[in-house]
Amino acid sequence: MALDLASLYAEREAERYGLHARYLNGQMVRVLKALGYDVGFRKAQGPYLFDRNDERYLDLLSGWGVFALGRNHPGVRDALKAVLDNDLPNLVQMDVSPLAGILAERLLQRVPHLEKVFFANSGAEAVEAAIKFARAATGRPVIAHCSHAFHGLTYGALSLTADENFRRGFGPLLPDCVEVPFDDLEALDRALSSRQVAAFILEPIQGKGVNVPSDEYLTGVAALCRKHGALFVADEIQTGLGRTGRFLAVEHWGAEPDMVLLAKALSGGHVPVGAVLARGWILDKVFNRMDRAVVHGSTFSKNDLAMAAGLATLDAIETERLVENARARGERLLGAFEDMARRYELVRSVRGKGLMIGVEFGAPSSFKLKAAWTMLESMSAGIFCQMIAVPLFKHHKILTQVAGHGSHTIKLLPPLTISDSDCDWIERAFDAVIAESHRVPGAVWSLGKTLADHALRMRREPA
Ligand SMILES: Cc1ncc(COP(=O)(O)O)c(C=O)c1O
């Protein structure tokens, strides 16, 4: 008898926390319970999640950016079903995939200065490929990356990820990786002048912190890379495919990288995927002889489900005008948050483009609030953002994220499909929670104290 997945899910979904504590990562279950996120989501549609009581939540996290089309998009679902219903000859390996060819063609139509595509299974795999390709194409060893960068958690990608919280305990990492400050062309010039640098990898807008560079930075990076013979790799795994109100974020500044990395949203969130778009000569140098035709690759890359989902995603981005929607809704939300920054002393700055937005909080100036802020920061740096995120979730049914370890920035990364009424929901909720956070004593600060105590206890009792 065929597996009845729907019944299995319905019968056992309530056991999810127990199953994970027992068989997967118990610490994740502790975190969810401590923050009150253990609401048992059972259904999802578009930008909405529904919990075990059928309460509707607006998802501003979108699975870390994979659900740019919203969840369970009908176009992606139909494409996936069609692959299965048509008995396609998937992953023959001693053949080449028509769907991969068509997806490569469509991606390059959107990025016409690049000529070839390499497909992988994830963002980190795309980064690993770019490291190898840059070394092979230039014959140089060094990869330069930025401070505060995040490029993934496999060894090569982790070696380019600056955050010590991710690195600690896993060394030694890849040698010959150098860090340069973000948005600093002079420092980059110095780093590249060794002429040992194969590539400089950069997120056009950094995911951790939502850091937006100054207007001349990206074209400056391209010029410096050209001057010193290094390749410019744009990691658009988070920023690409319309997220920032352009198909690629680099388009905001007219920069043309030598490689562009995509993943996350490319498959509509259903199937892992990654892609390296590159100048033709780079991939020609890697795959340069018949006996090197498979010198880099992986078993599942170019699989038909990922490729079909990618085609359906590009289709939806165009037909639903999602790049334009991201731009318009993003402008509206940025305007609303800038207004809050003027009204609330705890909001220090608002950054972002399109639907990648960071709201940064900072030390207030008024006496009572400042004392409360300083006390809490000394107990647990960065806890303030949880004091905003938790009530947003609990009282306003909005799922957000803190933009990195110890960060004071809340990040919004919603599906690109959100409507004006979703924006009303976001603005109302943030305004209410931020207003409440200005009352000392008050519910938000009591929550902060509880969370900080909890964090201290968890650090002392790791198991
Ligand atoms: C900019 C960037 N690069 C790389 C990655 C790694 O992608 P993955 O998690 O698919 O390995 C991420 C993931 O968050 C990312 O945001």
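**Surroundings of His73, the ligand site and the nonpolar cores**

His73 is buried, its relative accessible area being 10%, which falls under the 20% limit for that class. In this predicted model, His73 is located in the loop that links α4 (62–65) to α5 (74–85). Its side chain comes to 2.9 Å from the backbone nitrogen of Gly75. When residues up to four places away in sequence are set aside, His73 is in contact with His270, Ala316 and Glu320.

The ligand is enclosed by a shell consisting of Ser122, Gly123, Ala124, Phe150, His151, Gly152, Glu203, Asp235, Ile237, Gln238 and Lys264. By residue class, this shell comprises three nonpolar, five polar and three charged members. Polar contacts to ligand oxygen atoms involve both backbone and side-chain atoms. A polar backbone atom of Ala124 is 2.8 Å from a ligand oxygen, while a polar side-chain atom of Gln238 lies at 2.9 Å from an oxygen of the ligand. For Lys264, an N or O atom of the side chain is placed 2.7 Å from a ligand oxygen. Of the 390 Å² of accessible area that the ligand has on its own, 79% is covered by the protein.

In soluble globular proteins, nonpolar side chains tend to be buried together. The largest nonpolar core here contains 121 residues, and the members touching the most others are Phe200, Leu277, Phe337, Phe361, Ile426 and Phe430. Beyond its neighbours within four places in sequence, Phe337 contacts Val350, Ile357, Val359, Leu412, Ile426 and Phe430. A second core, separate from the largest, has 28 residues, among them Phe133, Ile143, Ile201 and Val233.

Notes
Residues are numbered from 1 along each chain as its sequence is written. This is a predicted model: local features need pLDDT of at least 70, side-chain atom pairs count only at pLDDT 80 or more; totals for chains, interfaces and linings use all residues. Side-chain values use heavy atoms; hydrogens and water are left out. A residue is near a molecule or strand if one of its heavy atoms lies within 4 Å of it. A polar contact is a pair of N or O atoms within 3.5 Å; within protein, one must be able to donate a hydrogen and the other to accept it, and residues adjacent in sequence count only if both atoms are side-chain atoms. Accessible areas come from the Shrake-Rupley method with a 1.4 Å probe; for residues, only the protein chains shown count as cover. Ala, Val, Leu, Ile, Met, Phe, Trp, Tyr, Cys and Pro count as nonpolar, Asp, Glu, Lys and Arg as charged, and the others, Gly among them, as polar. A nonpolar core is a set of buried Ala, Val, Leu, Ile, Met, Phe, Trp, Tyr and Cys residues joined through side-chain atoms within 4.5 Å. Buried means under 20% relative accessible area, exposed over 50%, partly exposed in between (1.4 Å probe, protein chains only). Contact means heavy atoms within 4.5 Å. Helices (H or I, at least four residues) and strands (E, at least two) are DSSP runs, numbered from the N terminus.
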